[in-house]
Amino acid sequence: MESTSNVGELQTVSSVYTRLVEGQRNSAVEARDLIKTHGEGSTAVRALKGISLDFPPGEFAAIMGPSGSGKSTLLHLLGALDQPSSGKVIVGGEDLSGMSDKKLTHLRRERMGFVFQFFNLIPTLSAEENALLPVLISGGKPDVYADRLTELLDLVGLENRRNHRPDELSGGEQQRVAIARALVRNPDIILADEPTGNLDTKTGTGVLELLRTSAARYGQTVVMVTHDPRAAATADRVVFLSDGQMVDEMHDPNADSVFEKIKNLESPG
Ligand code: ADP
Ligand code: MG
């Protein structure tokens, strides 16, 4: 038992070290002149109109903007879940344009964790099996992750729900399983679309705290879309989108100024 957890610890230490060394050279994620048009012809929608952004290693960034401003589209491009119409995404110094599907899949599996609104839990698997899915998919040994899994399920308050299936869990509980799943392998980059959207205030605060401490402890970069100025105020930086463009950013934000800004973007004038 003890040797297994030592292996886990060694892997963590070595990947943190790799990240530190890499971090001196590269941003964790970069967007360069991203343009994205959904659809074609008369129904085409230009969702992103030229976005350039750098996310340094270890940054906890929030993305805010009115509905339809392009937040989810941006997150999908950063996560290599969709391709830009032009411009590029660079992850850990590697340009994603022209990468094969196989390489992109590998990169998503190895380096990214996703927390999206639709949790995509597997209905026939228990909470802990769902949370372990990234380990199973990548051919890792579940034993190595046993401590991390327990730690995460404790942190998200699911220690008594480990063996429940998704249909035996509330929406908020399913959301928390998805968060544990995104964090279990300590990915370099965590992309979260409204991770607290379906949670009550207390659980939501807990989830933000979890993202923040995980990011700080493992040097992870978090990019989180949120509507909630209080959630955004816990980030290192808030990036504001409007109509497919980045219109402002705030470092070390506070909830009041974030609230003012987003209010003005949502109902200008
Ligand atoms: P947000 O997450 O900020 O609400 P989205 O990135 O989801 O915004 O959408 C930006 C714009 O692109 C919206 O006008 C939306 O209707 C459009 N859009 C998003 N996805 C698609 C799609 N798959 N097909 C067509 N239009 C889309
Ligand atoms: Mg969205």
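In what order do the six strands of the open sheet with mixed pairing stand? The order is S6-S7-S8-S3-S9-S10. At the edges of this sheet are strand S6 (112–115) and strand S10 (245–251), each of which pairs on one side only. From one strand to the next, the twist averages 15 degrees.

The model is predicted, and a word on confidence comes before further detail. The protein chain has a mean pLDDT of 89, with 91% of its residues at 70 or more. Among its elements, strand S9 (residues 237–242) has the highest mean pLDDT, 98, and helix H1 (residues 2–23) has the lowest, 63. Where pLDDT is low, the predicted coordinates should not be read in detail.

One edge of the six-stranded sheet shows how two of its strands are joined. S6 pairs with strand S7 (residues 189–193) in the parallel sense, over four bridges. Val-115 has Ala-192 in S7 as its bridge partner.

Helices lie across this sheet. Helix H9 (residues 255–266) crosses S3, S9 and S10, and runs at about 5 degrees to S9. Helix H2 lies across strand S3 (60–64), S7, strand S8 (221–225) and S9, at about 155 degrees to S8.

H2 also leads to a second sheet. Helix H2 (residues 71–78) lies across S1, S2 and strand S4 (86–91), running at about 125 degrees to S1. The sheet in question is open and has four strands in the order S2-S1-S4-S5, with antiparallel pairing. Its edge strands are strand S2 (45–55) and strand S5 (94–95), and each pairs on one side only.

Within the four-stranded sheet, strand S1 (residues 29–38) and S2 form an antiparallel pair over eight bridges. Lys-36 is placed opposite Leu-48 in S2. The hairpin of S1 and S2 has six residues between the strands, and in it Gly-39 takes a positive phi near 75 degrees.

Gly-39 appears again around ligand 1. Which residues make up the surroundings of ligand 1? They are His-38, Gly-39, Val-45, Ala-47, Gly-65, Ser-67, Gly-68, Ser-69, Gly-70, Lys-71, Ser-72 and Thr-73. S2 and H2 are the elements that give two or more residues to this shell. H2 gives the most, with three residues. Sorted by class, the shell has two nonpolar, nine polar and one charged residues.

Elsewhere in the chain, two helices pack against each other. Helix H6 (residues 171–183) and helix H7 (residues 201–218) have axes 12 Å apart and meet at an angle of about 0 degrees, which means that H6 is roughly parallel to H7. On the H6 side, the residues in the contact are Gly-172, Arg-176, Ile-179 and Leu-183. They meet Thr-203, Val-207, Leu-210 and Ser-214 in H7. By class, this contact of H6 with H7 has four nonpolar, three polar and one charged residues.

To return to H2, this helix ties several parts of the description together. H2 lies across strands of the six-stranded sheet, including S3 and S8, and across S1, S2 and S4. H2 is also the element that gives the most to the shell around ligand 1.

How values were computed:
Residues are numbered from 1 along each chain as its sequence is written. Chains are lettered from A and ligands numbered from 1 in the order in which they are written. This is a predicted model: local features need pLDDT of at least 70, side-chain atom pairs count only at pLDDT 80 or more; totals for chains, interfaces and linings use all residues. Two strands pair if DSSP finds at least two bridges between them. Two residues are in contact if their C-beta atoms, placed from the backbone, lie within 7 Å. Axes are lines fitted to C-alpha atoms, for helices over the stretch in contact, and angles run from 0 to 180 degrees between N-to-C directions. A residue is near a molecule or strand if its C-beta atom, placed from the backbone, lies within 6 Å of it. Ala, Val, Leu, Ile, Met, Phe, Trp, Tyr, Cys and Pro count as nonpolar, Asp, Glu, Lys and Arg as charged, and the others, Gly among them, as polar. pLDDT is the predictor's confidence in each residue, from 0 to 100. Angles under 35 degrees count as roughly parallel, over 145 as roughly antiparallel, 65 to 115 as roughly perpendicular and the rest as oblique.
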